[in-house]
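Take a walk through this structure with the sequence at hand. We start in a loop and work inward.

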Amino acid sequence: MHAPCEARMQIVEADLITRCQQGDLPAFEEVYTRYEQQVYRYAYHLLGHREDADDIKQETFLRAYAAIGKFRRDSSLQTWLLRICGNLCRDKIRSWERRKVTSSPEIYNEAYPHAVSPDSDPARIVEKSQTTEIILSVLNGLPSLLKEAFILHELEGIGYAEMSEILECSTASAKLRVFRARQLLKERVYSLLKVR
């Protein structure tokens, strides 16, 4: 049942790419509309700051627009855009000197509005917010390769094959990174929650 829908999406994407490569600005606006939230979330989770993530998102689409004519179609648009975004984020992280990245649960809830129900019990909202803060703190403390893999797979729902293209590694390596990230997160979050 998913195969016809997936095939239709590929045809639609192929048409969109062709139109973009012919200089069709509304087609590129469609690309932006489809992927800008995901690119922003990915950048935010890698960098930890709203302004930096927004800057990287804009730069990602500027670079994509400039390079769309050379896009070889050996990956999906989503994979290509996330690869550009990831490279830009890694460059930015390398340029920071001893900058401590922090995240707040409020920004997490803004990026993932479905995560908190507005009609929840206030005590549960506070508890969830504190737990989210601990998880984000631990996530930010992971080695960058593991953090990036975890974000792509667990938060963005990207499959291992596509992840391996974005991270430019083997599928086995992508799986191993997610596995190690889960293990470290579980151990560190458990120890922090136990202390509380």
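E168 counts as exposed, because its relative accessibility is 57%. In this predicted model, E168 sits in the loop between α8 and α9. Its backbone stands out: E168 has a positive phi of about 55°, although it is not a glycine. Most residues other than glycine have a negative phi.

R73 is another such case. Its phi is positive too, at about 65°, and R73 is not a glycine either. R73 belongs to the loop between α3 and α4. Its relative accessibility is 36%, so R73 counts as partly exposed.

Now step into helix α4. The helix covers residues 77–95, which makes 19 residues. At 1.5 Å a residue, α4 should span 27 Å. Its end C-alpha atoms are 27 Å apart, so the expected span and the model agree. Many names appear on the buried list of α4: L77, Q78, T79, W80, L81, L82, R83, I84, C85, G86, L88 and C89.

Some of these residues also belong to the nonpolar core. In soluble globular proteins, nonpolar side chains tend to be buried together. Here the largest nonpolar core has 48 residues. Those that touch the most other members are V31, Y42, L77, W80, L81, L152 and M163. Which helices supply at least two residues each to this core? They are α1 (2–21), α2, α3, α4, α6 (122–141), α7, α8 (160–167) and α9 (171–195). Helix α2 gives the most, with 11 residues.

Look at Y42 from this core. Set aside its neighbours within four places in sequence. Y42 is then in contact with L82, C85, G86, E148, I151, L152, E156, I166 and L167. Of these contacts, L82, C85 and G86 are buried residues of α4.

Aromatic rings come next. A pair of aromatic rings is described by the distance of the centres and the angle of the planes. The structure holds 4 aromatic pairs. One of them joins Y32 and F61. Their ring centres are 4.7 Å apart and their planes meet at 65°, so this pair is edge-to-face. The pair links distant parts of the chain, 29 residues apart. Y32 lies in helix α2 (residues 25–47), and F61 in helix α3 (residues 50–67). Are these two residues buried or partly exposed? Y32 counts as partly exposed, because its relative accessibility is 25%. F61 counts as buried, because its value is 4%.

F71 and W80 form a pair as well. Their ring centres are 4.6 Å apart. The planes stand at 45°, so this pair is tilted. F71 is buried, with a relative accessible area of 7%. W80 counts as buried at 12% relative accessibility. There is also one aromatic cluster, formed by F28, Y32, F61 and Y65.

The last stop is a charged residue. K147 lies in helix α7 (residues 144–155). What is the nearest side chain of opposite charge to K147? It is E148, 9.0 Å away. K147 is buried yet has no salt bridge, because a salt bridge needs a side-chain nitrogen within 4 Å of a carboxyl oxygen. Leave out the neighbours within four places in sequence once more. K147 is then in contact with H45, L46, L139, N140 and L142.

Terms used:
Residues are numbered from 1 along each chain as its sequence is written. This is a predicted model: local features need pLDDT of at least 70, side-chain atom pairs count only at pLDDT 80 or more; totals for chains, interfaces and linings use all residues. Side-chain values use heavy atoms; hydrogens and water are left out. Helices (H or I, at least four residues) and strands (E, at least two) are DSSP runs, numbered from the N terminus. The expected span of a helix is 1.5 Å times one less than its number of residues. Buried means under 20% relative accessible area, exposed over 50%, partly exposed in between (1.4 Å probe, protein chains only). Lys and Arg count as positive and Asp and Glu as negative; His and the chain ends are not counted. Contact means heavy atoms within 4.5 Å. Rings of Phe, Tyr and Trp (its six-membered ring) pair if their centres lie within 6.5 Å; planes under 30 degrees apart count as stacked, over 60 as edge-to-face and the rest as tilted. A nonpolar core is a set of buried Ala, Val, Leu, Ile, Met, Phe, Trp, Tyr and Cys residues joined through side-chain atoms within 4.5 Å.
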